[in-house]
Amino acid sequence: GNDVAMIFQEPMTSLNPLFTIGNQMSEAISLHQKKWSKKQIKDRAIEMLKLVGLPRSEEIMKEYPHQLSGGMRQRVMIAMALVCDPKVLIADEPTTALDVTIQAQILKLMRELNERMNTAILLITHDLGVVAETCERVVVMYAGQVIEEAPTEVIFKNPCHPYTRGLIQSVPDMRDKKDRLYSIPGNVPKPGSIDRGCRFAARCESAFSRCWVETPELYRNSENHQTRCFLYDEQEGVTGANEQTTAKS
C-alpha cells in the first residue's frame, strides 16, 4: 500500500458490495497509518475522493458501490489505490468495463495524478490506442515473455518484432478502407507448451530454421530499443534474413 498499489480491471467486483465507500477507503488508510485518528483518516479519504474528481465526496463516503456509476466506481478504486501515496501504481486494464467517454476521462485523470503525485504507473492493456495516448515507454509481451521494449513513439513508428508489427497492423485505419482486417495467423500457444525455440515462430512469417531450435535473446536495436528476434542479432541476423528470403523463393 505504501510502496505499490493496484487498480483492478472490473471496479464493480473489486469493491465490496456490503460495505460503504467510506468504510473501504478508511480501511485502506488505517491498515498503513496506525497512528492516525478517525478524523484524520476520514479527512484523508474525502480529500482523495475530491482529488480524483468526485463531486459531493462526503455523501459518497456513506454510499454503497451499487449506488455509483461505473466511472465513479473506477474513480473510487483509483482514490483507494493512491490514498497511501504509493511509489508505483499498477493499473490492470483500468478502462475495459467503461464506455469510450468515461475511458478518456479516467486516462486523463491518471495522467494528471501521475504528474501531480509523482507516482509511476504500470499500465497493463491490450488497447493500442490507450498505449499511444498514455504511456511513455512500452514493453510488448508474448506468451509470458518480453519480446520488444522501446519508447512509445519508437514502437509505433518503427515496430521491429514480427508480433509487434502484427498487432499494429491489426488496428483498423479509418483512412484506408479494406474489405478484410489483418489478423496474425495461428493461435496463442498454451503456457509451458514451448520448451525450445522462439515462442512466436509457429505464427511468424519471418521465421527461419534457427527460430525453431534456439531461444532468441533481447537484442539491442539502438540505445533505447530492444527486440527478441534473431533478425536483429548483429552476428547472424543477416544470415537469417538471407535464409528467409531463400526459403520464400
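**Questions on a predicted model**

User: Is Cys84 buried or exposed in this predicted model?

Analyst: The relative accessible area computed for Cys84 is 10%. Since residues under 20% count as buried, that value places Cys84 in the class called buried.

User: How many disulfides does a search of the whole structure find?

Analyst: A pair of cysteine sulfur atoms has to lie within 2.5 Å to be counted as a disulfide. When the whole structure is searched with that cut-off, the number of disulfides found is zero.

User: Which cysteine has the sulfur nearest to that of Cys211, and how far away is it?

Analyst: Cys211 counts as buried, with a relative accessibility of 8%. A disulfide would require the sulfur atoms to be within 2.5 Å, and Cys211 takes part in none. The nearest cysteine sulfur belongs to Cys198, at 6.0 Å.

User: In what order do the three strands stand in the open sheet, and which strands are at the edges?

Analyst: The pairing in this open sheet is parallel, and the order of its three strands is E1-E2-E3. Strands E1 (4-7) and E3 (120-124) each have a single partner strand, so one side of each is left without a neighbour in the sheet. From one strand to the next the twist averages 20°. The strands at the edges are therefore E1 and E3.

User: Which residue in E3 does Asp92 stand opposite?

Analyst: Strand E2 covers residues 88-92 and runs parallel to E3, to which five bridges join it. Opposite Asp92, the residue in E3 is Ile124.

User: What angle does the direction of helix H5 make with that of E1?

Analyst: Helix H5, which spans residues 70-82, packs on the sheet and touches both E1 and E2. The direction of H5 and that of E1 make an angle of about 175°.

User: Which backbone nitrogen does the side chain of Thr20 reach, and at what distance?

Analyst: Thr20 is placed in the loop between helix H1 (11-14) and helix H2 (21-30), and at 17% relative accessibility it counts as buried. Leaving aside residues up to four places away in sequence, Thr20 touches Met61, Lys62, Glu63 and Tyr64. The backbone nitrogen reached by the Thr20 side chain is that of Asn23, at 3.1 Å.

User: Over which residues is the pLDDT below 50, and how many contacts does this stretch have beyond near neighbours in sequence?

Analyst: The protein chain averages a pLDDT of 87, and 93% of the residues score at least 70. The pLDDT is below 50 over residues 237-249, and beyond near neighbours in sequence the number of contacts this stretch has in the model is 12.

Methods:
Residues are numbered from 1 along each chain as its sequence is written. This is a predicted model: local features need pLDDT of at least 70, side-chain atom pairs count only at pLDDT 80 or more; totals for chains, interfaces and linings use all residues. Side-chain values use heavy atoms; hydrogens and water are left out. Two strands pair if DSSP finds at least two bridges between them. Helices (H or I, at least four residues) and strands (E, at least two) are DSSP runs, numbered from the N terminus. Axes are lines fitted to C-alpha atoms, for helices over the stretch in contact, and angles run from 0 to 180 degrees between N-to-C directions. Contact means heavy atoms within 4.5 Å. Buried means under 20% relative accessible area, exposed over 50%, partly exposed in between (1.4 Å probe, protein chains only). pLDDT is the predictor's confidence in each residue, from 0 to 100. A polar contact is a pair of N or O atoms within 3.5 Å; within protein, one must be able to donate a hydrogen and the other to accept it, and residues adjacent in sequence count only if both atoms are side-chain atoms.
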